[in-house]
Each structure stands twice: as C-alpha cells, then as structure tokens.
2 protein chains.
Amino acid sequence: MEIPPGPKGTRDFYPDLMAFQEHLFASWRRTCRRYAFEAWEAPMFEHLDIYTQKSGAEIEKQLYTFEDKGGRMMALRPEMTPSLARMVAAKGTSLKRPVRWYSIARLFRYEKMQKGRLREFFQLNMDILGSSEVGADAELIAAVIDMMRDLGLTGNDFQVRISSRTLLEECFCAIGLPKECFAPIYALLDRKNKITDEEYTAELAEIVADGQLRQRIHDLFSVRGLDGIAALTGATPEQAVLARLFTLLEKYGMSDYVCFDINIVRGLAYYTGIVFEVFAVNKGMRAIAGGGRYDTLVELYGGPPTPAVGFAAGDVVLGDLLQERGLIPPSSPRCSVFITALDDKNFDEVAPVARLLRNAGISCAFPFKRITIGKQLKQADAAGAVITLITGGDESAQGLLKLKRMRDGNETTVPRDKLLENIASMLEER
Amino acid sequence: MEIPPGPKGTRDFYPDLMAFQEHLFASWRRTCRRYAFEAWEAPMFEHLDIYTQKSGAEIEKQLYTFEDKGGRMMALRPEMTPSLARMVAAKGTSLKRPVRWYSIARLFRYEKMQKGRLREFFQLNMDILGSSEVGADAELIAAVIDMMRDLGLTGNDFQVRISSRTLLEECFCAIGLPKECFAPIYALLDRKNKITDEEYTAELAEIVADGQLRQRIHDLFSVRGLDGIAALTGATPEQAVLARLFTLLEKYGMSDYVCFDINIVRGLAYYTGIVFEVFAVNKGMRAIAGGGRYDTLVELYGGPPTPAVGFAAGDVVLGDLLQERGLIPPSSPRCSVFITALDDKNFDEVAPVARLLRNAGISCAFPFKRITIGKQLKQADAAGAVITLITGGDESAQGLLKLKRMRDGNETTVPRDKLLENIASMLEER
C-alpha cells in the first residue's frame, strides 16, 4: 500500500527535531517559572463561535473547521487567547488576581506555506489578567526578553519595539483622521512588512482619499522617539504611560533591548493599549513574538471586567533564528550506559545490572540478542552510549565489572559494589 | 454574548489540573529516559487512510474526521501507532535498530462518554522496533512496571497480565476451532469485561455454533498457568517463548508484578505475538495500559520487515487510580519569593531585586500597584509565596533586607550581598 506522508504544513518529529523542541520548551518553562507563572492548557479544538466572536467570520478561512458527530461546528485552535478568555470568564471573580498564566500550546492555521510558517506549530503564551497597571506590561516585556536570553540570544540578536494603540489614536485624532479609518489602517500597518511599498501606498489611498492627510500619516510614522510624538500632539496621558513603562524597563535592566516605535500596531482588533513586537535583528527583521494589552476581551466572553496583557512567541521562526546563530545545543546522549555480556552464559546477568542502574536514575540499554562482544560494542556505539559496561570474563568471577569510556576507549575495572559511584563520576566529567 | 464551555469530552486544564498533568508527564519522561528511549512526535491529524488501512472503515465512526480546504480527508489521531509505522516505514532501513522511541501524545476518539473515558486524552507510548527477540517484550513489560512504580504504585495496586496471540492460535488449533473464527473471537474477548455474561454467551454462540466446541473454548479460558496450557496442547514453540519471557522478567526483579493469563487477547487485529495488559487491583480491574507485538505493521505501511513491540498507557484511568490511592503530590508553590516595598518611594527598587533573584533561577513576583504593605502581604499569601522579601524602611538604608518565612511568620534581616544564599537555604529547608 502507498502510504502518504504527513499532511502538508505539519512536521514529523523524529528524535533529533524532538530534542530541539524539548530544549526549547524546557527553556520556556524555566523562564515562566522564574516569573512565577502557572501552566494551563485548553482543548485542542473549540466551538467555532469562540473564534468568530473575537475575529469575525473572516477568520474561518484560516481555520481547520469540522462538524462533529453531534452537528456542532468546531475548529482546531489557531491561537490560545479565545480559550484563555473563555476559561477566565467562566471562573467569574473566583480566580486570585492578578492571574499569571503561561501555556506551551500546539496551534493550527490553514495558511499559505512560506518560510517560517507552518500549518501546525507551537506557541508560548504568557498572560497577566486582572491588572490595569503598566507594571504588568513591563513584567511581560521583561519576561519575553528573558525568554530570548535564556535561549542564548543577546541584544545583538533581537529588539523589542513598543508602541501603544491608545497613543496612536491620540496621534490620529491630532492629525484629524476620521475614526472609521482607524481599524483598516491597523490592519494595513500590520501587513506593511509583507507587502511592497507600492501596494502599501495604493491600499492606504483606498482607506484615506485626502492626499494631505496621507502625508500627515506618513510624517507621523516617520517620527522617531516619544519626544517627536509630543512635538506633534502636545503632552497626552498615554505618553506618560509609555514614559513610565520605559522607566520601569530600565529598573528591570532591560533598556538595551527595547525601543519606542510608532509603527508597531499589531493587526488584531482586540488590542486596547500598549503593543509590542520582538524582532530578530537583520535578516528582514522577522517578528519572533508579539503582544499587548487587551482589556475588554474577557468581558466580551461574558466574564467580569478584566484588564489583561499578554504575548505569544512561535517555535518556527525562533527555531530558525537559533539555528542561524548556532544556538541549538547538541542533544544529550539518550543512553548513558550500554551493558554488554562477554560470554553467552552471563547474558542473563545483564538485566539485573540494568535494574540497578535504572533504579539509580541512570539511563541504560543492552542487546536483546546473544551476539558477539564485537557486535555488542557496535550496538553501544550506535546507541550513542557514554560508557559501555562489560559483564562476564575473569573479572566477573572476582566480583569486578569493566567500564569502557566510549569517547577515548579508556577502560577501568571496578568492584560491583562501587559501580554506581564510578559510573556517576564518569558521567559527570563529560 | 453567551460563550459555550469547551467541547464535550474535553478538559479545561486550569493550573491545579495542569500541575497534575505535569507531574504525570515528568514521571513518564523520567522512566523513558532511564530506559534510554528517545522522544518523538507526529502531526496532530493525519490522512484518514492511515487509520482505515490499519483498522478498517469501521474505525471512522470513532474518529474526528474532516475534509481540509484542499479536499483531503483527515482525522484527528486516535492513536500513535499508525503515525509511528508511517514514520518508521518512511525511513526505510536508515534508522539504527533497535529503535527505542517514546511519545507523550494527545489523542482524540469520538466515544460514548463514561467514567475513565474522554474524547480528548493523553497517552504514553513506548515502542521497540527492529527486534524480534522476546527480550524486547521483556524490556517493555519491565518499563511499564517501572512507569507505575515511579508514580508511587506498588504490587498491591496493579498487575501485568500476559499472554500471546500465537499461543492462543496454537490452543485454538489444538481444540479444533476453524481459522475464520479467530478474529471475531479476539474482538469478543477484548470486550468481555464490558458486556454481561449473557451477552458474551450469546455472541460466542453466534461465532461458534457447535456447543461442544464452545465448551472446549470455555475450558481453555479457565486454564490457569502455562502448565495447564501444555496439558491441553502438548509442548509448543510459543510456550517456550513465554517461559523465556517469565525467566527474563525474574532477572529484571519483576516477578511479583506479572502473571500469565490466557484471557488477555487485546482486541486490535494487528497484534501478532505476546500481548499484555496492566490492571488496577480491585475496583473492577480497570485496564491502565496495554500492548504487545505487532511484527507486520511497518511492512503494511510500505516499510521494510520490522518486528515491533509496544504499549500505551492513558492519563485518565491512571489519574483516577493515583487519586484513589492518595498518590497525587501537592503541587510545588509557583512563587518562591514575593517582593514587597514598605514605602512608596522604594517601590521602583523592587524590579531590580526581582531581576537579581530571577537571574539566579529563583521564581518571584511583586505587586504592580503601589498598595499598602498590608495589602502586599495579602497578595504574597494569595500567590502562595514561600518567602516574602520586604524592601525599604530603616533596614534598606543600611543595605539590609527583611525575609519573612510565610509558613510561620519568622523574620530574618540579611545584608543585600548575602540575599541569594539566605533565600536558597530557606527554600531548601522546606
């Protein structure tokens, strides 16, 4: 029978690729725990409604949808925020606030395939719910920076660009842009890096007919720094909020990683305040992570008023960046000790040794078949063993066991009752 | 808007439930690593064909199926073995054998809801591919026992019952059962615990019309021990294989956990040799895990001849058992240190302290809002902090910080440059 490969846009995680995923997820967990976030998860599919409610019927095009056997429309989850809002809303006011939750989640989007984009991927989500303080935004921006740093990335590799939807609204009002243009411009700006300058100009002209107004928009997005904004609009409340955010980030020691950039708007309709994106430096400045404040979403899902801020980071672009920078560590050997038997007659004495090692938490394997010692050593090599333990022979009769360090072939003979400490110290010296 | 709860048969993993899942998965990973297995994963959905190929069109009833936007029929994966066979087959002979792989996978089955059964659940899968030796079967049975033991379960809590499809065939031939009855009887026996005795008798009569033959089948399944089988059939090759398996399990020190039981057949058509199930002792002897040899499956998926053996264990029934036995550990506190500020003026000095702690790997949080110290201590309590660190006041001016152990309110004042070691030792003494 002809068996098709896995579905387009999905990955088969053979052990090498899986080892990288485990490295990435372990790092993500470590960072989240240092920030005292708790793990949560949600169903892999949800009622379609919870996505269309937040993003409109348009979103369906990008979803894997299906009707279940009870006739209910479902969708594989394309993001975690709707599930988060649903679950937080369902608890009413009973969750202790602020809620500090993270999730490492598998997601699905039916998208055009391109570099850095897959139809099945993973995302780290960190969210703080129940605090409207800018300190919560600062905490999450610090967390996303520490997430990148924990993976070995530095200020030379990435940058967090920060703006605010509220600030942009203040600016739009100051230059006289009508309210009905805000949403389409947010959507357009979010796609700016993915379309040509000509396409951008044409699409902007469709939204804003007045040429003078388009020039003022252009001038606005050319402003560098918060001071430039103040020169345009005068002092506004949101400028003070952003200034406070940058002060806090300085206290966190994060100033080198962040900058203000009025061009950051984030496409999604539900952002209500500060927004930020993490970009890889060079190589087209790809977005690694993004987030912001969404103070009204939990209420939209029937919950109590719950100011919220969060970010998401995907595994695919981040994995590409780590590869590029040589930051994917070699995977640790799956087999610390391979146990062999010199003679047929002591083949059955291998399992008790394995038991001893495994009970001490040492990973080991041994051949299932009675084969020559030469073939056993080849299996040890193939298994990537750090040490080969040789049972049998004259040594065995004297209660001794031979340990062979595979790296250099160095051999030691140790008494059976000193086996564990000898193996432990050989494994440590690696 | 009325937001529906999550889909029927799925779970919302709030942090408490998630903490249990993480405990379970960490234990599973620990066991797999001790046995030198490598992690792998597969797409969450696959082409429908790979399931119907293995299990027939019937299986579709139990699947979540959908047509993707390219018109291809897909199914959410109900088990991992088809993906495993597909991925191993795709590599031809290039994988180093024996392959020792494990996966902790989320699966989906559209089933009638009942205790211990959900439509979305997790499974540990461990498989050895490329060895036809009974030693591989022994290794996996030892692994499933150590998996249970690592969770705190003992020989009083569970038992592994072992038989063999080949042995059963030998017996069926010896009593004169026609070949065409084998498959329906396997399917019936697998459901025996789930149906009444009357239903069983009626269904058996449909498969085997001859009353005398039915009596011989009844006698066969009443046999206890391998010796009883030998008395019925004379010595057969598979009896020797099973005897060898029990000898090996004795070498592993696992004899107390295992027994022969001719009633274990496993429903799935693809098993070819030894089969086993892990049962919880008492409480209706629910199956916790099951597996066996499937020597022809990889070939069915277009791969080279690849003898294989594996097992799967689900999270739901196992979780119920651990709960019943009081073996769910209290979750460790998500927040080691909650940092507070005595006075408004040193509120901004909290973030640098957090940075110091987090860089040392210590989990901590602090309030985002300037609130009274009383309210801050309440937040520390709500966060489940082990220690509250108090900045500010006279001590702060002298370079001192106050640490309050939340368990008993005990307070210590420490110099700032001795902060980390003092916190570390307070956390260790828990």
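In this predicted model, chain B can be laid onto chain A by a rotation of 180 degrees with 0.0 Å of shift along the axis, and the superposition has an RMSD of 0.1 Å. The two copies are therefore related as by a two-fold rotation axis. A helpful landmark for finding this axis is B:Phe66, whose C-alpha lies 2.7 Å from it, the closest approach of any residue of chain B. Both copies use the same surface, since 100% of the contact residues of chain B recur in chain A.

Turning to the contact itself, 75 residues of chain A and 74 residues of chain B take part. On the side of chain B that touches chain A, the largest contribution comes from helix H1 (residues 15-34) of chain B, which supplies 5 residues. By character, this side of chain B comprises 39 nonpolar, 25 charged and 10 polar residues.

Within a single chain, the next feature to look for is the division into domains. Chain A consists of domain 1, covering 15-324, and domain 2, covering 337-428. The centres of these two domains of chain A, taken over C-alpha atoms, are 52 Å apart.

The interior can be explored through the largest nonpolar core, which has 235 residues. The members that touch the most other members of this core come from both chains: A:Ile141, A:Val144 and A:Cys364, together with B:Val144 and B:Cys364. A:Val144 makes a good starting point for a closer look. Leaving aside residues up to four places away in sequence, A:Val144 touches A:Val160, A:Val278, A:Ala289, A:Phe311 and A:Ala313.

Note on methods:
Residues numbered from 1 in each chain as written. Chains lettered and ligands numbered in written order. Predicted model: local features only at pLDDT ≥ 70, side-chain atom pairs only at ≥ 80, totals over all residues. Core = buried A, V, L, I, M, F, W, Y, C linked by C-beta atoms within 7 Å. Buried ≥ 20, exposed ≤ 12 C-beta atoms within 10 Å, placed from the backbone. Contact = placed C-beta atoms within 7 Å. Helix = DSSP H or I, 4+ residues; strand = E, 2+ residues; numbered from the N terminus. Nonpolar A, V, L, I, M, F, W, Y, C, P; charged D, E, K, R; others polar. Least-squares fit on C-alpha atoms with pLDDT ≥ 70 in both. Domains from an automatic or database assignment.
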